[in-house]
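Open the model in your viewer and keep the selection panel handy. We will go from one selection to the next, and at each stop I will tell you what is there.

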Amino acid sequence: MAQVEGSVTVSTEILSLSRAMNEGLRKAMEHDSKVVVMGEDVGRLGGVFRVTDGLQKDFGESRVIDTPLAESGIVGTAIGLALRGYRPVCEIQFDGFVFPAFNQITSQLAKMRLRSLGMLELPVVIRIPFGGGIGAAEHHSESPEAYFTHTGGLRVVACSNPSDAYTMIQQAISCPDPVILFEPKRRYWDKAPVDLDLSGAAPLGRAVVAREGEDVTLLAYGPMVKTCLEAAQADGSRSIEVVDIRSLSPLDEATVLSSVRKTGRCVVVHEAPVFSGYGAELAARVTERCFYDLEAPVLRVGGFSTPYPPSRLEDHYLPDLDRVLDAVDRTFAW
Amino acid sequence: MTIDAARGTPRGTVAESPPGLVQLLTPAGERVEHPDYEIDLTAEEIKGLYRDLVIVRRLDTEALALTRQGELAVWPSLRGQEAAQIGSARALLPGDMAFPSYREHGVAWCRGVDPVKVLGSYRGINHAGWDPRKHNLHLPTIVIGSQALHATGYAMGIQRDGAEDAVIVYFGDGATSEGDLNEAFVWSAVQNAPIVFFCQNNQWAISEPSERQSRIPLHRRADGFGFPGVRVDGNDVLACLAVTRKALDGARSGQGPTLVEAFTYRMGAHTTTDDPNRYRLQAEVEAWQLKDPVDRVRAYLLKSRTADQEFLDEVDAEAKEVGADLRRRCLELPDPELDELWDNVYVAEHPLLADERARFTSYLRSFDEVSR
Ligand SMILES: Cc1ncc(C[n+]2csc(CCOP(=O)(O)OP(=O)(O)O)c2C)c(N)n1
Ligand SMILES: [Mg+2]
């Protein structure tokens, strides 16, 4: 909440990503009584990552629902609530547990507006903590975004920092279309200043240049934005630009292409497997749209074509600063 | 965090048990009879069950300590559920197949799995450590409820083989809400599959009490699917053994599935990353402490003179040794080799994986060259 110092309202606060998401949810719930939060352990516990901490206490059990342990049920009933005029915000506890809801998301939620000839709106938000790097057990470290970006009818976004968590959750809730919001779980406890005033915030569908540079563009989203920023910082010899994609679908082509046209080199980074990953779309699109501006092929850095490994191998699987800079080296060696 | 008084009231005290609960050994260690379930065990057999209970609890305690010391990444404790697991798993015959979720360390013990192999996935060195065919214990399943369909299909295979074996599948109270679990109920019913659905109702699914999953006692769900359901005192190893044995016999003799609801309690946190003080009262835990599954067998052994203090001391000493051995060998577990990332993803050679492996290995080697 904004602090009031004397008569001056200070609209910036230092918050963790988890807390910022919590504040954003709270704002949305205060703003619109139709907003309903639902998921496993989101009520009394406040979610396993504490994103919904205190919301049930303040908004009651009918607006913050500890659901039965059934993901298909969570999304399916959210669709029904939306049809009745509510704006459900579903929490899927971990990335690997979204699949029981796959039919409801891809065959039902994504298609319903078109099937209704545009008569229905489905303002459902599905929040999914995603990605690895926390030493977790199986099914707790996955990056399933490509399954959803591959599906027309869904908007897919990913936040990378507390500020975006705060704004994107509110924008997602007010969006009339279904939104899947991927949250970088290993960054939940990272803190940064958050501007509580949304008026200057980038729109939901926009990519942003997170760091300006001249020589090469890194395209990333979610947890890899920080990794790319660190890589850019660590590299003393080249000027590296980092673009935070933020909206995977729709993609903000203008921001991406203008960066690559400027630098002439591009590396795409995500945790998900490279093969058939979202980076394949970025690489193809950049190549098609600015072939003559490129000094080198677009390179991709990401996970392997294997199930996510046991945690003692995850440091090999996950792109890190060295692997990002290795790819940067290769684009210059072309 | 304040707890809503009405919902936080401790449920169940020693005095009252839920209706229809099958019990053969009271919390005080008195043997009681039940018209439908009798059990006739030798002194050695009962002492064997006690040994299992004590050792399994000791292994669990050791694993918790290893987690606190950073040797394991996470641990789902079975504390409180020892009798449900030992009683049911000791009812199995060697040819029967068991499908666990992730908390069935006691079942693994009964199936002859080396306890250190149970730790691997929690140490982050593999996803599962034992040969499912050697122990007739399938791999653990973390995605709630999925294994119930695998178990049902396995049971259908047994049927088609004309074999005498049966299947048991373990899951929690929370799991009963998943679609897969309910589909498994439907499938096994219409196929008349030789399967026992063993639900450990430990009252909690992380922070959600079991009434968030069901308006009726869970065993009564079976009525609607058309097969018998029974609620057993999950802290009574004798009753769990008797009830499971009867259900397995029924499966073997062509009577199809049974749902067993073992009414028990998760004494600890959901896992070591959970803080139950945020959602439940200590008074509830204390009430269940009085129904401890190990204490009541010890009381019975002494009272009935089935065993003496010397035997109890021997078991304690053995458990201590098994625990120390687990610790020792846990610390010796080797970290996985890089190649294990790609090994075993497919049976056949896969060119993409071969390429990834080669490129990444040479990438790593480039660091050696730099440092040389
Ligand atoms: C499909 C799926 N959704 C969510 C989870 C996260 N999760 C792990 S354990 C658990 C609660 C399980 O409760 P219950 O079935 O009662 O088993 P218990 O942990 O009490 O043994 C949840 C929600 C999961 N593992 N799988
Ligand atoms: Mg449970």
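Select chain A and chain B together: three salt bridges run between them, a salt bridge being a side-chain nitrogen of Lys or Arg within 4 Å of a carboxyl oxygen of Asp or Glu. This is a predicted model, in which local features need pLDDT of at least 70 and side-chain atom pairs count only at pLDDT 80 or more, while totals for chains, interfaces and linings use all residues. Residues are numbered from 1 along each chain as its sequence is written, chains are lettered from A and ligands numbered from 1 in the order in which they are written, and side-chain values use heavy atoms, with hydrogens and water left out.

**Stop 1: between the chains**

Show the side chains of B:Arg212 and A:Glu61, which form a salt bridge with N and O 3.2 Å apart. Side chains of opposite charge can pair when their charged atoms come close.

Next, look for polar contacts (pairs of N or O atoms within 3.5 Å; within protein, one must be able to donate a hydrogen and the other to accept it, and residues adjacent in sequence count only if both atoms are side-chain atoms). Between chain B and chain A there are 15 such residue pairs, both residues at pLDDT 80 or more. Now colour helix H14 (residues 351-371) of chain B, which gives seven residues, the largest share of the chain B side touching chain A. Helices here are DSSP runs of H or I with at least four residues, strands are runs of E with at least two, and both are numbered from the N terminus.

Widen the selection to the whole contact (heavy atoms within 4.5 Å): 43 residues of chain B and 42 residues of chain A take part. Then pick B:His127, B:Arg278 and B:Leu341, the residues of chain B that lose the most area to chain A, together 18% of what that side buries. The two chains bury about 3700 Å² between them, with carbon and sulfur atoms giving 59%; buried area is the accessible area (1.4 Å probe) that two parts lose on being put together, summed over both.

**Stop 2: chain B by itself**

Select 40-331 and then 345-371 of chain B to see its domain 1 and domain 2, with bounds from an automatic or database domain assignment. Their C-alpha centres are 41 Å apart.

**Stop 3: the two domains of chain A**

Give 12-200 and 208-332 of chain A separate colours, for domain 1 and domain 2. Their C-alpha centres lie 25 Å apart, and 27 residues of domain 1 of chain A meet 23 residues of domain 2 of chain A.

Which three residues supply the most area on the domain 1 side of chain A? They are A:Ser160, A:Arg186 and A:Arg187, with 23% of the area that domain 1 buries against domain 2 of chain A. Zoom in on A:Arg186, where a salt bridge reaches A:Glu271 with the closest N and O atoms 2.5 Å apart. Strand E8 (155-158) of chain A is one of the elements giving two or more residues to this side of domain 1, and E8(A) gives the most, four residues.

**Last stop: a link within chain A**

Finally, select A:Arg206 and A:Asp252, whose side chains form a salt bridge (4.0 Å, N to O). The two residues are 46 residues apart, with A:Arg206 in the loop between strands E10 (191-195) and E11 (208-211) of chain A, and A:Asp252 in the loop between strand E14 (247-249) and helix H9 (253-263) of chain A.
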